[in-house]
Each structure stands twice: as structure tokens, then as C-alpha cells.
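This report describes the fold of one protein chain for a reader who has not seen it before. Please look through the sequence and the structure first.

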Amino acid sequence: MTYPVIDLFAGPGGLGEGFASFDEGKTFKIAVSAEMEESAHKTLTLRAFYRHVRNAGDEKGLRAYYDFCHSDTAPHPSAVARKAWDAAKKEAHRLTLGDPQD
């Protein structure tokens, strides 16, 4: 059985990373993570992307992730593995809790 995790005030996603890495990701799955600060949200989304491509065994997506992390000239992973990036965006949300617009 896999338990869904909702990570509020997620920052760059450290708590979610702990849950997602436990038991090789078989016990917990991040359903939603929410963060209002822009740079933390960018990291949160990028790490969600990494988990999606890792779990799918997507070598092209993993290469895009590692290239982006280690090079200033590599394309953003969203340009290389669109489907995984879209899945990451469905998981990682930039919002302010209590704001009716979010």
C-alpha cells in the first residue's frame, strides 16, 4: 500500500524528499506540495520532475535533469521531457494558503 503525502509550507521539499526516498519510494507518494516562495517552488518542482523520471526509468529525462543541474547552457528539463514536467507541475504548487486567488 502506498500512502499519499500532502506537504504544506514545503520550502524546497526536504520533508517530501524524505518521505519519497523511504523504502525506495514504495511506501509514500507525494500527492501535493505547496510553497509560496518562488525560488523554493522552482526547486520543489525540479525535484518532483526528478522523482517522476527516476520512477519511470526515463533515461532521457534523467539526463536532462543532471545536465541542467551541472551546466549553465543545458536546456531546461521541461523542454526535453514535457510529460514528466507537466506531472511535476501537477504535484508542486506555488500558492499562498488562505489566498482566495490560489
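Which residues does W85 touch, not counting residues up to four places away in sequence? In this predicted model, the contacts of W85 are T45, L46, F49, H76 and S78.

W85 also belongs to the largest nonpolar core, which has 11 residues in all. The other members are L46, A48, F49, Y50, V53, L62, Y65, A81, A84 and A88. At least two residues of this core come from each of α2 (38-56), α3 (59-70) and α5 (82-91). With five residues, α2 gives the most.

The strands make up an open sheet of three, ordered β1-β2-β3, with parallel pairing. Because β1 and β3 stand at the edges and each has a single partner strand, one side of each is left without a neighbour in the sheet. From one strand to the next, the twist averages 10°.

The two strand pairs are set out here.

| Strand pair | Residues | Bridges | Direction | Opposite residues |
|---|---|---|---|---|
| β1 and β2 | 3-7 and 28-35 | five | parallel | V5 and I30 |
| β2 and β3 | 28-35 and 92-94 | three | parallel | S33 and A92 |

Helix α1 (residues 14-21) is part of a right-handed β-α-β unit together with β1 and β2.

Two helices of the core also meet the sheet. Helix α2 lies across β2 and β3 and runs at about 165° to β3. Helix α5 packs on the sheet as well, where it touches β2 and β3, and its direction makes about 60° with that of β3.

Technical notes
Residues are numbered from 1 along each chain as its sequence is written. This is a predicted model: local features need pLDDT of at least 70, side-chain atom pairs count only at pLDDT 80 or more; totals for chains, interfaces and linings use all residues. Side-chain values use heavy atoms; hydrogens and water are left out. Two strands pair if DSSP finds at least two bridges between them. Helices (H or I, at least four residues) and strands (E, at least two) are DSSP runs, numbered from the N terminus. A crossover is right-handed if, with the strands pointing away from the viewer, the path from the first strand over the helix to the second runs clockwise. A nonpolar core is a set of buried Ala, Val, Leu, Ile, Met, Phe, Trp, Tyr and Cys residues joined through side-chain atoms within 4.5 Å. Buried means under 20% relative accessible area, exposed over 50%, partly exposed in between (1.4 Å probe, protein chains only). Contact means heavy atoms within 4.5 Å. Axes are lines fitted to C-alpha atoms, for helices over the stretch in contact, and angles run from 0 to 180 degrees between N-to-C directions.
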